[in-house]
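Please walk me through how the helices of this protein sit against one another and against the strands. I am a first-year student, so careful steps would help.

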Amino acid sequence: MKKKMLALAMSCMMFAVAGCGGGAAEQPADTAASTETAAETTEATTDASGKVWKIATDTSFKPFEYTDDNGKFVGIDMDILDAVAKDQGFQYEVQVLGWDASIAACQAGQADGMIAGASITDERKENGWIFSDGYYDANQSMAVEASSDITGFDDLNGKSVAVKTGSMSASYAESLAGDYGFTVTYFEDSPTMYQAVVGGQVAAVFDDTPIMAANIKDTGISMKLVDGTGNEPAAYGFAIFNADNQELVDMFNKGLANIKANGTYDEILKKYLGE
């Protein structure tokens, strides 16, 4: 009888131990569930909408967007965009497509906005561009090969000049071509047309003045600006092509105003232009 009672007591003790072990095994599952919930909450707090805005840009428009010696894509536009996004708390993804491709991507809905040194003009607004407030004033002018004897538009008669397709510099050159008797040759990007000038394929190039000045200064390319050939300055603006993305323009405007007020904007310009 005592043996039976002892056996029964030992069985109860083993059952109790097993029961405790089972309870301990279930606990991590509860903890894991709590951890997962916490992670979801953190993610939602970080970005409630989950929206990542796709921003298209040019491949090379130094000092506004270009690849530096370390292979990093940098520039005034990139720094302004980043500062504005941080100020306004939105996420974005840069698509380095080129000028024409950036416009096409925005028009097709494959990109939400564009920042690429795009001048704000009435003509572009009429063609569906929706601009932010201006973030930098620039004009267009003419440059020639460093040893060229061209000193103005009068020396272009019978010659060809380079421009970037769809740009303000192209419009500027086209407006002068008839009066001064030169033809216009179109290129996809600034570096290619600069090489055309240096190589003698064209007599001159029309482009945004700060872009040409930066390239001459930083790369030592054999070009020079021609005094007295600049037009009236116009502001660069961030652009969208779909009114449904107006929120993005509104955030850009608010962020731009804030980074101008707190000094970040001036620091960006000084970094790239020494202004």
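**How the helices pack**

In this predicted model, helix H2 and helix H8 (residues 246-261) pack at an angle of about 100°, and their axes are 8 Å apart. Angles of 65 to 115 degrees count as roughly perpendicular, and H2 is therefore roughly perpendicular to H8. On the H2 side of this contact are Ile80, Ala83, Val84, Asp87 and Gln88, which meet Met251, Phe252, Lys254, Gly255, Leu256, Asn258 and Ile259 in H8. Sorted by class, the residues where H2 touches H8 are seven nonpolar, three polar and two charged.

A second partner of H2 is helix H9. Here H2 (residues 76-88) and H9 (residues 264-273) pack at an angle of about 160°, with 10 Å between their axes. An angle over 145 degrees counts as roughly antiparallel, which is why H2 and H9 are described as roughly antiparallel to each other. The crossing of these two helices, H2 and H9, is right-handed. The residues that H2 brings to this contact are Ile76, Asp79, Ile80 and Ala83, and they meet Thr264, Tyr265, Ile268, Leu269, Lys271, Tyr272 and Leu273 in H9. By class, the contact of H2 with H9 has eight nonpolar residues, one polar residue and two charged residues. Reading the two contacts together, Ile80 and Ala83 of H2 take part in the meeting with H8 and also in the meeting with H9.

**A helix against strands**

Helix H5 offers another view, since its packing can be followed from its buried residues to the strands. How far apart should the ends of H5 be, at 1.5 Å a residue? The 13 residues of H5 (residues 168-180) should span 18 Å, and because the C-alpha atoms at its ends are 18 Å apart, the model agrees with that expectation. Within H5, the buried residues are Ser169, Ala170, Tyr172, Ala173, Leu176 and Ala177. These buried residues of H5 pack against strand S7 (140-145), strand S8 (160-164), strand S9 (183-187) and strand S10 (204-208). After H5 comes Gly181, which has a positive phi, near 70°.

**The chain as a whole**

Stepping back, the secondary structure of the protein chain comes to nine helices and 12 strands. The chain has 275 residues, of which 43% count as buried. Among the contacts in the chain with a separation of 6 or more, 71% are accounted for by residues 24 or more positions apart.

Methods: Residues numbered from 1 in each chain as written. Predicted model: local features only at pLDDT ≥ 70, side-chain atom pairs only at ≥ 80, totals over all residues. Heavy atoms only, no water. Helix = DSSP H or I, 4+ residues; strand = E, 2+ residues; numbered from the N terminus. Expected span 1.5 Å × (residues − 1). Buried < 20%, exposed > 50% of the residue type's maximum accessible area, 1.4 Å probe, protein only. Contact = heavy atoms within 4.5 Å. Axes fitted to C-alpha atoms, helices over the stretch in contact; angles between N-to-C directions. Parallel < 35°, antiparallel > 145°, perpendicular 65-115°, else oblique. Left-handed = near helix turned anticlockwise from the far one by under 90°. Nonpolar A, V, L, I, M, F, W, Y, C, P; charged D, E, K, R; others polar.
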